[in-house]
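Biologist: Before I use this model at the bench, I should like to know what stands behind each term applied to it. Please set every value against its definition.

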Amino acid sequence: MSSVILVVDDNEANLKLAREILTAGGYDVVSAVRGEQAVDVARARRPAVILLDMRLPDIDGLEVLRRLRNLPETKDLPVVAMTAQAMTGDRERFLAAGCDGYISKPISLQTLYAEVKRHLAGRTA
């Protein structure tokens, strides 16, 4: 099973932080900065987990999620919303839309590792 993690974020600082945290944890990290690119990378690489920013410059994260869920090769990939949208109800809204997890920004090292490990464990169970 793949240990590739796809991080989708248009903010360079957030992308760099997530990459550094995950690489230090021994994960192979690929990235995308736009929604269309994220779908293409997910189709090509079939990552073990996708960490998806919900605000992207071309299409929003929920549209990326919808497209991933509608493709046979990506429909079952775990997608974790990684977003600054942390108001009451946002977590539940993203989970109800089909996300498999939720991480609020600023990114917490412990939360990031816990979400990734949880989804990797689910793929090997």
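**Strand pairing and crossovers**

Modeller: Let us begin with one pair: V80 stands opposite G101 in strand 5. The chain crosses from strand 4 through helix 4 (residues 90-96) to strand 5 in a right-handed β-α-β crossover. This is a predicted model, in which local features need pLDDT of at least 70 and side-chain atom pairs count only at pLDDT 80 or more, while totals for chains, interfaces and linings use all residues. Residues are numbered from 1 along each chain as its sequence is written, and side-chain values use heavy atoms, with hydrogens and water left out.

Biologist: What makes strand 4 and strand 5 a pair, and how many bridges join them?

Modeller: Two strands pair if DSSP finds at least two bridges between them. Strand 4 and strand 5 run parallel and are joined by four, so the condition is met. Strand 3 and strand 4, also parallel, have three bridges, and I50 stands opposite V79 there. The elements themselves are DSSP runs numbered from the N terminus: helices are H or I of at least four residues, strands E of at least two.

Biologist: What is the hand of the unit made by strand 3, helix 3 and strand 4?

Modeller: That β-α-β unit is right-handed. The term applies if, with the strands pointing away from the viewer, the path from the first strand over the helix to the second runs clockwise. On the other side of the sheet order, L6 stands opposite V30 in strand 2. The chain crosses from strand 1 through helix 1 to strand 2, again as a right-handed β-α-β crossover.

Biologist: What is the strand order of the open sheet?

Modeller: The order of its five strands is 2-1-3-4-5, with parallel pairing. Strand 2 (28-32) and strand 5 (101-104) are the edges, because each has a single partner strand and therefore one side without a neighbour in the sheet. From one strand to the next the twist averages 20°.

Biologist: Which strands does helix 1 touch as it packs on the sheet?

Modeller: Helix 1 (residues 12-24) touches strand 1, strand 2 and strand 3 (49-52), and its direction makes about 165° with that of strand 2. Contact means heavy atoms within 4.5 Å; angles run from 0 to 180 degrees between N-to-C directions, along lines fitted to C-alpha atoms, for helices over the stretch in contact.

**Burial**

Biologist: Why is strand 4 called largely enclosed?

Modeller: Five of its five residues are buried, so the rest of the structure largely encloses strand 4. Buried means under 20% relative accessible area, exposed over 50%, partly exposed in between (1.4 Å probe, protein chains only). V79, A81 and T83 are buried on one side, V80 and M82 on the other.

Biologist: Which residues of helix 2 are buried?

Modeller: In helix 2 (residues 35-45) they are G35, A38, V39, V41 and A42. Their arc around the axis is only 165°, which puts them on the same side of helix 2; the arc is that of the directions from the helix axis to the C-beta atoms.

Biologist: Is K105 buried or exposed?

Modeller: K105 has a relative accessible area of 15% and is therefore buried. This residue lies in the loop between strand 5 and helix 5 (109-124).

Biologist: With which side chain does the side chain of K105 make a polar contact?

Modeller: The partner is D53, at 3.3 Å. The term requires N or O atoms within 3.5 Å; within protein, one must be able to donate a hydrogen and the other to accept it, and residues adjacent in sequence count only if both atoms are side-chain atoms. The distance of 3.3 Å therefore satisfies the cut-off.
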